[in-house]
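Biologist: Let's go through this model together. I will ask why each label is used, and you give the grounds.

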Amino acid sequence: MDVKPGDHLLVRGHTVSQPDRNAEVLKVLGADGGPPYQVRWAEDGHEGLFFPGSDASVEKVVKTAKVVKAAKKRPK
């Protein structure tokens, strides 16, 4: 996994009654964007280390500051 701070990790529930979990990556502690990650869980704000399994996926966060700067540079 190539993860950066600010990305979100989504862990799917294992049963119908178990909800999906979402965590924001605060720090990447492994080499080359790999685990472990220091995360903050969305449902309760708990922070801790996370070693994702095969049920986890990454949602990349797009930096909007670059988009705003590019829009300002465009001629009108």
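Biologist: How many aromatic pairs does the structure hold?

Modeller: The structure holds one aromatic pair. This is a predicted model, by the way. The partners are Trp41 and Phe50.

Biologist: What makes Trp41 and Phe50 an aromatic pair, and why is it called edge-to-face?

Modeller: Ring centres must lie within 6.5 Å to pair. Here the distance is 5.2 Å centre to centre. The planes stand at 85°, and an angle over 60 degrees counts as edge-to-face. So Trp41 and Phe50 form an edge-to-face pair.

Biologist: Are Trp41 and Phe50 buried or exposed?

Modeller: Both Trp41 and Phe50 are buried. Buried means under 20% relative accessible area.

Biologist: What makes you say that the charged end of Arg21 sits over the ring of Trp41?

Modeller: It is 3.8 Å from the ring centre. The limit is 6 Å, and the charge must also be within 35 degrees of the ring normal. Arg21 is listed as sitting over the ring of Trp41, so it satisfies that angle rule too.

Biologist: Which residues make up the largest nonpolar core?

Modeller: That core has 10 residues: Val3, Leu9, Val11, Ala23, Val25, Tyr37, Val39, Trp41, Phe50 and Ala56. Two or more residues each come from β1 (8-11), β2 (21-28) and β3 (37-41). β3 gives the most, with three residues.

Biologist: Why is this set called a nonpolar core?

Modeller: The name needs buried residues of listed types, joined through side-chain atoms within 4.5 Å. Val, Leu, Ala, Tyr, Trp and Phe are on that list, and the 10 residues are of those types. So the set is called a nonpolar core.

Biologist: Which residues is Val3 in contact with, leaving aside its neighbours within four places in sequence?

Modeller: Val3 is in contact with Leu9, Val25, Val28, Gly33, Tyr37, Val58 and Lys60. Of the 76 residues of the chain, 22% count as buried.

Biologist: What is the order of the strands in the open sheet?

Modeller: The five strands run in the order β4-β3-β2-β1-β5, with antiparallel pairing. On average, neighbouring strands are turned by 40° against each other, direction ignored. Along the sequence, the chain reads β-β-β-β-β-α.

Biologist: Why do β4 and β5 stand at the edges?

Modeller: β4 (47-50) and β5 (56-59) each have a single partner strand, so one side of each is left without a neighbour in the sheet.

Biologist: How do you know that β1 and β2 pair?

Modeller: Pairing needs at least two bridges. β1 and β2 have four bridges, in the antiparallel sense. So they count as paired. Leu9 stands opposite Ala23 in β2, and Val11 has Arg21 as its bridge partner there.

Biologist: What about β2 and β3: over how many bridges do they pair?

Modeller: β2 and β3 pair over five bridges, again antiparallel. One of the partnerships links Val28 to Tyr37 in β3.

Biologist: And how many bridges join β3 and β4?

Modeller: Four, also in the antiparallel sense. Gln38 has Leu49 in β4 as its bridge partner. β3 and β4 form a hairpin with five residues between them. Gly45 in the turn has a positive phi of about 75°.

Biologist: Why is His46 called partly exposed?

Modeller: Its relative accessible area is 46%. Buried means under 20% and exposed over 50%, so His46 falls in between. His46 is in the loop between β3 and β4. Leaving aside neighbours within four places in sequence, His46 is in contact with Val39, Arg40 and Trp41.

Biologist: Why does Asp32 count as exposed?

Modeller: Asp32 has 78% relative accessibility. The cut-off is over 50%, so Asp32 is exposed. It is found in the loop between β2 and β3.

Biologist: What is notable in the backbone of Asp32?

Modeller: Phi of Asp32 is near 55°, a positive value in a residue other than glycine. Most residues other than glycine have a negative phi, and most peptide bonds are trans.

Biologist: Where is there a cis peptide bond?

Modeller: A cis peptide bond joins Pro35 and Pro36, with omega about 5°. Pro36 is in the loop between β2 and β3.

Notes. Residues are numbered from 1 along each chain as its sequence is written. This is a predicted model: local features need pLDDT of at least 70, side-chain atom pairs count only at pLDDT 80 or more; totals for chains, interfaces and linings use all residues. Side-chain values use heavy atoms; hydrogens and water are left out. Buried means under 20% relative accessible area, exposed over 50%, partly exposed in between (1.4 Å probe, protein chains only). Contact means heavy atoms within 4.5 Å. Axes are lines fitted to C-alpha atoms, for helices over the stretch in contact, and angles run from 0 to 180 degrees between N-to-C directions. Rings of Phe, Tyr and Trp (its six-membered ring) pair if their centres lie within 6.5 Å; planes under 30 degrees apart count as stacked, over 60 as edge-to-face and the rest as tilted.
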